[in-house]
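Take a walk through this structure, one stop at a time. Keep the model in view and find each residue as it comes up.

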Amino acid sequence: MTAQKKVSVILVSKDRPDYLRDALDSLVPQNRYIKEILIFDKSEDQTKASRIKEIADVHSAILYTRPSIVNTSTLRNEGLVKATGDYLCFLDDDDYLFPDYIESQLTFLQNGTSLVFCNYITIKHPQHPLQLNQVRDKYAALIKVRRWTAALGFNHSVLSIQRNAFAFIASFIPIIHGAMFRKDALEKIRFSDQMIFCEDLHFWILFYKNNLTMAFNKSVLAIYRIHENNWSSLFSARHNLEFYMTLKKEGAVSGKINEFILSLKIYKFSQWGKLLNPSEKHAVRYSILKSFYLLPHIIRVLPYYIGLKYQNYISRKSLR
């Protein structure tokens with residue numbers, strides 16, 4: 001592939017210069033494809049903000065300083081407006097990309113696809129700097145499982161991303177920096193400023209709702225980094241419930257399999273109906289019962305779900 005600087009990287013940061021340095025270092029081997037790096041920093045600590053500016057300068061990134069109260073969705077939307085690349089990707093300041101991430105993702109986008117998700121691993125690694133070779137060695141078994149379950153779980157046409165994007169998203173749980181986009185596909189799509197959690201999942205559903213073409217890259221190309229100072233440590237089942245209820249109210253999900261999965265998700269995260277009012281509980285239970293004949297289709301993705309649970313177990317165990 002001819003190297004052309006056509007990719008804009010949009011990154012939101014706050015008070016985490018050490019993590020940010022790791023994230024930006026992961027872009028260095030891919031500079032031949034990167035047109036610009038846009039960093040929106042909302043740090044409250046001025047010492048850390050100064051360090052972030054120094055790091056941004058080293059990486060020739062464009063730095064925008066914003067108030068700490070501005071939420072991440074708003075800043076990502078601003079990045080979508082300011083970006084000038086033909087292709088876009090997001091990168092949180094505490095996450096990491098494999099050296100071949102951009103090149104591999106571009107092979108899908110240059111064939112006309114609007115959005116491509118890559119496979120990824122979740123790790124708990126609070127130390128700095130993050131060394132990719134160490135991660136590869138330590139999580140070799142996990143990476144192998146991720147590749148295997150991705151191939152096994154999503155080679156079935158009934159649950160393929162092309163035919164059934166919500167089923168894919170609900171099972172796979174794509175991460176924000178695990179996706180790349182064609183910029184022209186985002187003209188009418190923005191992050192919800194009203195959502196603190198699950199704003200990225202809501203974002204994916206808008207792609208589905210607008211009938212944009214999606215693809216899945218089975219290669220493990222990104223690292224989702226869990227530590228005590230990120231939002232994931234605060235995430236709860238109630239936040240999941242709020243997200244899926246929002247999708248239902250917005251009518252963002254259609255199709256029998258999609259609606260069945262959505263009802264199952266709502267029922268599960270509402271503590272099997274305990275957090276729903278009587279009419280909501282009745283509607284959800286009725287939706288599940290009338291579509292129960294679809295369950296065999298959903299079971300076909302079970303190997304991937306088991307692989308995901310195994311991944312989370314390995315990630316937690318690594319800190320003990």
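Start with helix α13, which spans residues 302–317. This helix supplies three residues to a nonpolar patch, the largest share. The model is a predicted one. The patch lies on the surface and covers about 360 Å². Its members are Ile299, Leu302, Tyr305 and Ile306.

Pause at tyrosine 305, which sits in helix α13. Is tyrosine 305 buried or exposed? Its relative accessible area is 34%, so tyrosine 305 counts as partly exposed. That value also passes the patch cut-off, because patches take residues with over 30% relative accessible area and no salt bridge.

Now turn to charged residues. Side chains of opposite charge can pair when their charged atoms come close. How many salt bridges does a search of the whole structure find? The search finds twelve.

One of them joins glutamate 44 to lysine 14. Their closest N and O atoms are 3.7 Å apart. Glutamate 44 lies in the loop between β2 (34–41) and α2 (46–58). Lysine 14 lies in the loop between β1 (7–13) and α1 (17–25). The two are 30 residues apart in sequence, so the pair ties together separate parts of the chain. Glutamate 44 is exposed, at 53% relative accessible area. Lysine 14 is partly exposed, at 31%.

Next, find arginine 225 and aspartate 22. Their side chains meet in a salt bridge, with 2.9 Å from N to O. Where in the chain do arginine 225 and aspartate 22 lie? Arginine 225 is in strand β8 (residues 214–226), and aspartate 22 is in helix α1. The pair links distant parts of the chain, 203 residues apart. Both ends of this bridge are covered: arginine 225 has 1% relative accessibility and is buried, and aspartate 22 is buried at 2%. Each value falls under the 20% limit, so each residue counts as buried.

Move on to helix α3, residues 72–82. Here the side chains of glutamate 78 and lysine 82 meet in a salt bridge, at 3.8 Å from N to O. The two are four residues apart in the helix, so about one helical turn separates them. Lysine 82 is partly exposed, with 34% relative accessibility.

The last stop is a network. Salt bridges link Arg16, Asp93 and Asp94 there.

Note on methods. Residues are numbered from 1 along each chain as its sequence is written. This is a predicted model: local features need pLDDT of at least 70, side-chain atom pairs count only at pLDDT 80 or more; totals for chains, interfaces and linings use all residues. Side-chain values use heavy atoms; hydrogens and water are left out. Patches are made of residues with over 30% relative accessible area and no salt bridge: like charges are joined within 9 Å, nonpolar side chains (Val, Leu, Ile, Met, Phe, Trp, Tyr) within 5 Å. Accessible areas come from the Shrake-Rupley method with a 1.4 Å probe; for residues, only the protein chains shown count as cover. A salt bridge is a side-chain nitrogen of Lys or Arg within 4 Å of a carboxyl oxygen of Asp or Glu. Buried means under 20% relative accessible area, exposed over 50%, partly exposed in between (1.4 Å probe, protein chains only).
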